Every structure is written in structure tokens, then in C-alpha cells.
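Please open the structure in a viewer and keep the selection tool at hand. The tour below proceeds stop by stop, stating what to select and what is found there.

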Amino acid sequence: FDLTSSGSINLSPPRDIIVGAILTTTATGAHITLAADSDANSVGGVQILAAGQLVSADAVTVAGSDLFAVGGTESVQIDSDGAGIQISAGGNVIIQDGANAPVGAQTIVNGIVQTSGAGATTTISAEDDVLIGADGDVTGVSGTVTVTASTGTIDMSDGAILNAGSGTIDMTADGSITLAALQTTTEVQLTSTNGAIIDGGDTDVDITAATAALRAATGIGTDADALDTASSATTLTLATVTEAGDVAVTNSGDLVVGTVDGLSGSTITDAALNDSGNDNITLIASSPLTVNDAIVNNDGGNITLTATDDGGDDDDLTISDDVTATGGNGAIDLNAGTDLVINNDAIISTVGSGAITGDAVRSIELDNTVGTTTLQTVNGTITLVANNTAVAGDFHGIDMQGSRIESVDGAISLTGRGGN
């Protein structure tokens, strides 16, 4: 039977809580709290069945250890009927593993969870994995959405959407984070301590935000399957770091490599000094692409930066800080759909036989500020090609002001055609 109360609803049995009806509170301050395993013996969890709903005028808290009625190790399991909202709250929502959850306990969100209160937060945590199913949409207005997998992974099935409105999205996992769709008008912060950040499917854009800080151990996207991103406003500002693996991001709209949440630029650290040469940084924007903080690949792999030609006249690749490929023979490839601009005394450098190539649909401009803007390699070639398709306009082919191009033992080729 359904239950409606103007006061709070608190359930705390020694074993499971199985909700197959509608529990509703109607007054401000009237919370719903479901806490299984009250005898603290690590047996007892919470399951919201497809027919069950929690509708609270204020906060909802759901916590469990290990569902006795369900095979596997689940602290909390929220099922879905494919249409209805399983948890609806006017205040904060907490879905978590309890203090006595066993090692390996998961939190599973297959149904819709939403908060409607301004500033109301959503917190989802698990002792091990957090699994968000294809129907497991999580929606907020302006509060932070936090998802934490203490010893496991965060896995969003293709089709799942986590929309924080104007709130921050903060995900932390010991293992990998697999993305379906993260949406906010502000910031996304992702940290995979010992894993990767992975594209989980193509139904939706992986990250839509104004800023994003991505931290991982074994990669952010891959050469074969980049993360898809988009700006929720006019520009996405991105910062990334990973110890190993690729950094591969394809953005729809303006992309700026900058500083977010104290993280600057885009780096493959390779602190282990593997120098595998297999880990690459590939950033693509449609378009333009602006580099305001340094991009460094220490693993010996390549760096590719592309502002695609989408038919407009603003598809510039502008580099205002250093771009460095070191640790092997990694190459740097720079591609501009309009102009390639390297300024602010930026140094574009490779080591070994790593080549530097740059091409622009219109012009290539190398401008200094107080020092010298430099393209340099050791034994690699340097090749710049500007306006190869004879685009008309008032611009130079290659324009060098206070800049230097140098190779110790490699060929240098400059080919430019002015617009006039």
C-alpha cells in the first residue's frame, strides 16, 4: 500500500528494505530515510522496485550494506519502469553504502533520480562500483552532484544522463570511469585514481560543460575512441592529466586548453619513465582551438592539435603556451581550418627524430611578445604549409615576427601563399 505523511518517514530494519509502493512526504522538513542493516552485521540493503517510488518534499537518504533478497553484493539497488521517477526530492538526495557494507558492495541506479530544490545536492557512493543503467537518469537544478566509487569503478551505460543543471559534477573512482552523458552549465571534475576515463557509447555527448578537469592514471579517451565533449555556453575550457595512456578529446564548438580546478594544460606525465611512444595527445575542436596552458607528452608519443574547417572564418588554432613532445621520437602536428597562430613566446619542441608539421587553410603567423616564439627539433623535420588551396584574402602566407625555426639535423620546409 502507498504511504503519505506530513512528517518524516524513517525505516531502519535489521535486514532489507524493499519498496514496491509510493512513499510520500508533503511538508518542508519532512524527509524520507531508509537505512537497512540496523544491527550492523553487514546483511541488509535497500531495493526500490520498478513500482516503488520515494517522493519527498525535502531530503531523501537511502543506505544499505548487502541486499539479502538479491543475488550479488548490492548496498542499494534502484530499479526502473522505463518512465516513472523512482526518487523525487525537494531537498538533498543521498544514495550510499552504509557503514557496514562489505568489500565489493555496489550501488546500482537503474531508475530516475531527481532533486527539484535550488542548491539541493545529490550524492551517490559505493564501497566498490557505482553502476548507472541506461534509464538511470540523475537530474538536479543547481546543487553539486557527487559520485564516488571507493575501491571500484563508475560505469554509466549508454543512454544514461547525469544532468546537474548549473551544479558541479564531481566523480571520483579508484578504477575507471565510463561515461554516457554528463551535462551542466558549469564544471565537470573527474578523477580516476588507478584507471581511465572512457567513452561508454555514442547516444549522447560524453561531457557538456563550461569547464572540465579530467584526471586519470591510464588514459582519457583513446586514439580509437575519443571522448566527445561540447560547451554548454560558448567555450569549453579543458584541463587533463594522465600518467599513461592516450588523451583524446573531440569537442563540438570552441575549445580552450587552460586551467580548471587547479589543473593546467594537458599532460601525459609518464612518471614511470616508460617512454613507450604509444601514448598520444589528440585534441580536436570544431572550432576554434586555443592553447593557453602547456601541452606536454613525456611518453615519446605524438601530439596532434586540430581546429577543423567548419566553413567559417574563425577556425583558428592559436597556441600561446609551450607544446612539448619528449621521451622519444614523438611528432607534433598542428592543423588550422583558418589561421595557425603561435604567439606569446611559445616553444613548440620535439626531441629525437620527432617531426613538427603545421598547416593552415589561410595563414601561419609566428609572433613574439618579449622573447622569441620558437619551433625546434633535434633530428626531425619541420614542415609548414599555408594556404595550399589558394584561398583569397588580405593575409600573408607565412608571417614570422620575432620568431625562430630550428632543427639540429633535420630538413626545414616552409611553403606559403598570400591571400592577394
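A residue is called buried when its relative accessible area is under 20%, exposed when that value is over 50%, and partly exposed in between. This is needed at the first stop. Please bear in mind throughout that the model is predicted.

**Stop 1: strand β11**

Select residues 93-97, which make up strand β11. Its side chains alternate along the strand. Val 93, Ile 95 and Asp 97 point to one face and are buried, while Ile 94 and Gln 96 point to the other face and are not buried.

Next, add residues 60-64, strand β8, to the selection. The strands β8 and β11 pair in the parallel sense, over five bridges. Within this pairing, Val 62 stands opposite Ile 95 of β11. Then show β14, which runs parallel to β11 and is joined to it by three bridges. Here Val 93 has Thr 122 of β14 as its bridge partner. As a general point, the strands of a sheet pair through backbone hydrogen bonds, and the pairing is either parallel or antiparallel.

**Stop 2: Glu 127**

Where does Glu 127 lie? Its place is in the loop between β14 (122-126) and β15. Glu 127 is partly exposed, because its relative accessible area is 23%. Display the residues around it, leaving aside neighbours within four places in sequence: Glu 127 is in contact with Asp 97, Ala 101, Pro 102, Val 103, Gly 104, Ala 105, Ser 150 and Thr 151. Among these is Asp 97, one of the buried residues of β11 from the previous stop.

For a sense of scale, draw a distance from the C-alpha atom of Glu 127 to that of Thr 267. The two atoms are separated by 30 Å, and the residues are 140 places apart along the chain.

**Stop 3: an open sheet of eight strands**

Continue to β15, and select residues 130-132. This strand pairs in the parallel sense with β12 (residues 106-109), over three bridges. Val 109 has Ile 132 of β15 as its bridge partner.

Both strands belong to an open sheet of eight strands with parallel pairing, in the order β3-β6-β9-β12-β15-β18-β21-β24. Which strands form the edges of this sheet? They are β3 (17-19) and β24 (197-199), each of which pairs on one side only. From one strand to the next, the twist averages 10 degrees.

**Stop 4: Asn 251**

Select Asn 251, which is found in strand β28 (residues 247-257). Is this residue buried or exposed? Asn 251 counts as buried, because its relative accessibility is 1%, and the limit for a buried residue is under 20%. Not counting residues up to four places away in sequence, Asn 251 touches Thr 229, Ala 230, Ser 231, Leu 236, Ile 284, Ala 285 and Ser 286.

**Stop 5: the salt bridges**

How many salt bridges does the structure hold? There are three.

- Select Asp 261 and Arg 215, whose closest N and O atoms are 3.0 Å apart. Asp 261 lies in the loop between β29 (259-260) and β30 (263-264), and Arg 215 lies in strand β26 (residues 211-216), so this pair ties together parts that are 46 residues apart in sequence. Asp 261 is partly exposed, at 38% relative accessible area, and Arg 215 is also partly exposed, at 22%.
- Select Arg 362 and Asp 339, whose side chains meet at 3.1 Å, N to O. Arg 362 lies in the loop between β41 (356-360) and β42 (364-367), and Asp 339 in the loop between β38 (332-336) and β39 (340-342), so the pair ties together parts that are 23 residues apart in sequence. Arg 362 is partly exposed, with a relative accessible area of 26%, whereas Asp 339 is buried, with 7%.
- Select Arg 404 and Glu 406, whose closest N and O atoms are 2.9 Å apart. Arg 404 is partly exposed, at 37%, and Glu 406 counts as partly exposed, at 30%.

**Stop 6: a nonpolar patch**

Finally, select Met 400, Ile 412 and Leu 414, and switch on the surface display. These residues form a nonpolar patch on the surface, and their accessible area together is about 240 Å². Ile 412 is found in strand β47 (residues 412-416). With a relative accessible area of 39%, Ile 412 is partly exposed.

Notes
Residues are numbered from 1 along each chain as its sequence is written. This is a predicted model: local features need pLDDT of at least 70, side-chain atom pairs count only at pLDDT 80 or more; totals for chains, interfaces and linings use all residues. Side-chain values use heavy atoms; hydrogens and water are left out. Two strands pair if DSSP finds at least two bridges between them. Helices (H or I, at least four residues) and strands (E, at least two) are DSSP runs, numbered from the N terminus. Axes are lines fitted to C-alpha atoms, for helices over the stretch in contact, and angles run from 0 to 180 degrees between N-to-C directions. Patches are made of residues with over 30% relative accessible area and no salt bridge: like charges are joined within 9 Å, nonpolar side chains (Val, Leu, Ile, Met, Phe, Trp, Tyr) within 5 Å. Accessible areas come from the Shrake-Rupley method with a 1.4 Å probe; for residues, only the protein chains shown count as cover. A salt bridge is a side-chain nitrogen of Lys or Arg within 4 Å of a carboxyl oxygen of Asp or Glu. Buried means under 20% relative accessible area, exposed over 50%, partly exposed in between (1.4 Å probe, protein chains only). Contact means heavy atoms within 4.5 Å.
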